[in-house]
Amino acid sequence: MSFFDYFKSKKDNRTASVAKERLQIIVAHERGQREQPDYLPALQKELLEVIRKYVQISDDMVQVEVDRNDSCSVLELNVTLPEK
Amino acid sequence: MARIIVVTSGKGGVGKTTTSASISTGLAKRGHKTVVIDFDVGLRNLDLIMNCERRVVYDFVNVIQGEATLNQALIRDKRVDTLYILPASQTREKEALTKEGVEKVINELSERFDYIVCDSPAGIEHGALMALYYADEAVVVTNPEVSSVRDSDRILGILQSKSRRAEMGQDPVKEHLLLTRYNPDRVNRGEMLSVADVEEILAIPLLGVIPESQIVLNASNQGLPVILEEDSDAGQAYEDAVARLLGEEREHRFMSSQKKGFFSRMFKGG
């Protein structure tokens, strides 16, 4: 910083807080995926089989996820049914 | 039985090899029999950083494949006599490092050395997995920058699930955060993540902070581990990190900028 720069109005370069916020979000998200229980793929497969007894659906029409909060975990099951 | 320490990061270019060279030299300087292994098959560089590139005859893969004995491949450091280097192969495929082969070499080294330092390649592929598999402790080298922090978190997840300790259900690999290329002035100006920020995100104990320094490049130019630049801030920061690794309490240094007076700020630059 030279003599004159010192008095110039500074451009806001305080980007560290933005970096921290972005990191906290992405790291939390990726940790969540990492901690998914390992029975999920098998669970998804069996759910598919059960549903297929009644409705014909393809593999990608069932989505299973576990959402963890502080106090409890929620098993989220998303089934897309074919249009009649 | 030796303690096995992996130096890892996920991201490339953050200072793994610099750190491996300094930590192994630091351990050896304190009289511990130490060997440092380069796991970066195809892109070996530890030999250059340790100034023994012209003495490499046999390498890690030669030993695994029975083409050379460990004694033929180990290079004794010229500066610290309790330190040995096991160079990586420059010509083979990474897959030449098999789990069984690496285990055989590590077991043999374990009988002769107090510390085995494993210099991991970047990435999360085979070479990196082999480097961390047998580790008792991990030094996770991180720069105060978004991609490095994210990759460090990824590698922590792998340590917790894919290391031998994790697979065998033993005590987890002991994790240490080493923050490198730290620039306290930029942190003060709010331009760079602080030590506290990175500690908060990664949530592992801090082993040390290595300040960004001209000395690091000067040292690597000459093949001198930075820790041997004993008068420099980076060298002393590595010295402190080694002491902490050995369980000593050392206060953290070089984390804040030198306060500059009014005149030096005006005329020398911020």
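**Helix packing, pockets and annotations in chain B**

In this predicted model, Arg165(B) is a residue of helix H8 of chain B, which spans residues 164–167.

Me: Which residues are in contact with Arg165(B), leaving aside its neighbours within four places in sequence?
Reply: Contact here is taken as heavy atoms within 4.5 Å, and Arg165(B) itself sits in helix H8. With the neighbours within four places in sequence set aside, the residues that Arg165(B) touches are Tyr133(B), Ala135(B), Asp136(B), Gln170(B), Asp171(B), Pro172(B) and Val173(B).

Me: What distance separates the C-alpha atoms of Arg165(B) and Asn183(B)?
Reply: Arg165(B) belongs to helix H8 (residues 164–167) of chain B. Along the chain, Arg165(B) and Asn183(B) are 18 residues apart, and the separation of their C-alpha atoms comes to 35 Å.

Me: At what angle do helix H1 and helix H12 of chain B pack?
Reply: Two packed helices are described by the angle between their axes and the distance between the axes, so both values are needed. For H1(B), residues 16–29, and H12(B), residues 233–245, the axes lie 9 Å apart. The crossing of these two helices is right-handed, and their packing angle is about 65 degrees.

Me: How many nonpolar residues are in the contact of H1(B) with H12(B)?
Reply: From H1(B) the contact draws on Thr18(B), Thr19(B), Ser22(B), Ile23(B), Gly26(B), Leu27(B) and Lys29(B), while H12(B) supplies Tyr238(B), Glu239(B), Val242(B) and Leu245(B). Sorted by class, this contact holds 2 charged and 4 polar residues, and the nonpolar count is 5.

Me: Which residues of H10(B) does H7(B) meet?
Reply: Helix H7 (residues 146–162) and helix H10 (residues 195–202) of chain B have axes that come within 10 Å and cross at roughly 35 degrees, in a right-handed crossing. By class, their contact has 5 nonpolar, 1 polar and 1 charged residues. On the H7(B) side stand Val149(B), Ser152(B), Asp153(B) and Leu156(B), and the residues they meet in H10(B) are Val198(B), Ile201(B) and Leu202(B).

Me: Which element gives the most residues to the lining of the largest cavity?
Reply: The count is 1 cavity of 30 Å³ or more, and the largest cavity holds about 40 Å³ of space. Its lining consists of Gly208(B), Val209(B), Ala237(B), Asp240(B), Arg244(B), His252(B), Arg253(B), Phe254(B) and Met255(B). The elements giving two or more residues to this lining are strand S8 (206–211) and H12 of chain B, and the one that gives the most, with 3 residues, is H12(B).

Me: Which residues of the UniProt "binding site" annotation are taken in by the lining of the second largest pocket?
Reply: The second largest pocket has about 500 Å³ of space and 26 lining residues, with Gly13(B), Val14(B), Gly15(B), Thr18(B) and Arg181(B) nearest its centre. According to the unreviewed UniProt entry, the "binding site" covers Lys11(B), Gly12(B), Gly13(B), Val14(B), Gly15(B), Lys16(B), Thr17(B) and Thr18(B). From this set, the pocket lining takes in Gly12(B), Gly13(B), Val14(B), Gly15(B), Lys16(B), Thr17(B) and Thr18(B).

Me: How far apart are the end C-alpha atoms of residues 3–153 of chain B?
Reply: The unreviewed UniProt entry annotates residues 3–153 of chain B as "domain: AAA". In the model this span is 38% helix and 19% strand, and the distance between its end C-alpha atoms is 23 Å.

Terms used
Residues are numbered from 1 along each chain as its sequence is written. Chains are lettered from A and ligands numbered from 1 in the order in which they are written. This is a predicted model: local features need pLDDT of at least 70, side-chain atom pairs count only at pLDDT 80 or more; totals for chains, interfaces and linings use all residues. Side-chain values use heavy atoms; hydrogens and water are left out. Axes are lines fitted to C-alpha atoms, for helices over the stretch in contact, and angles run from 0 to 180 degrees between N-to-C directions. Helices (H or I, at least four residues) and strands (E, at least two) are DSSP runs, numbered from the N terminus. A crossing is left-handed if the near helix is turned anticlockwise from the far one by less than a right angle, and right-handed if clockwise. Ala, Val, Leu, Ile, Met, Phe, Trp, Tyr, Cys and Pro count as nonpolar, Asp, Glu, Lys and Arg as charged, and the others, Gly among them, as polar. On a 1 Å grid over the protein atoms alone, a cavity is a set of points where a 1.4 Å probe fits but cannot get out, and a pocket is an open set with protein on both sides within 12 Å along at least five of seven lines; lining residues have an atom within 4 Å of a point. Grid points are joined across faces, edges and corners, and a volume is the space filled by probe spheres set on the points. UniProt positions are given in the numbering used here, feature names are shortened, and annotations may be inferred rather than shown by experiment.
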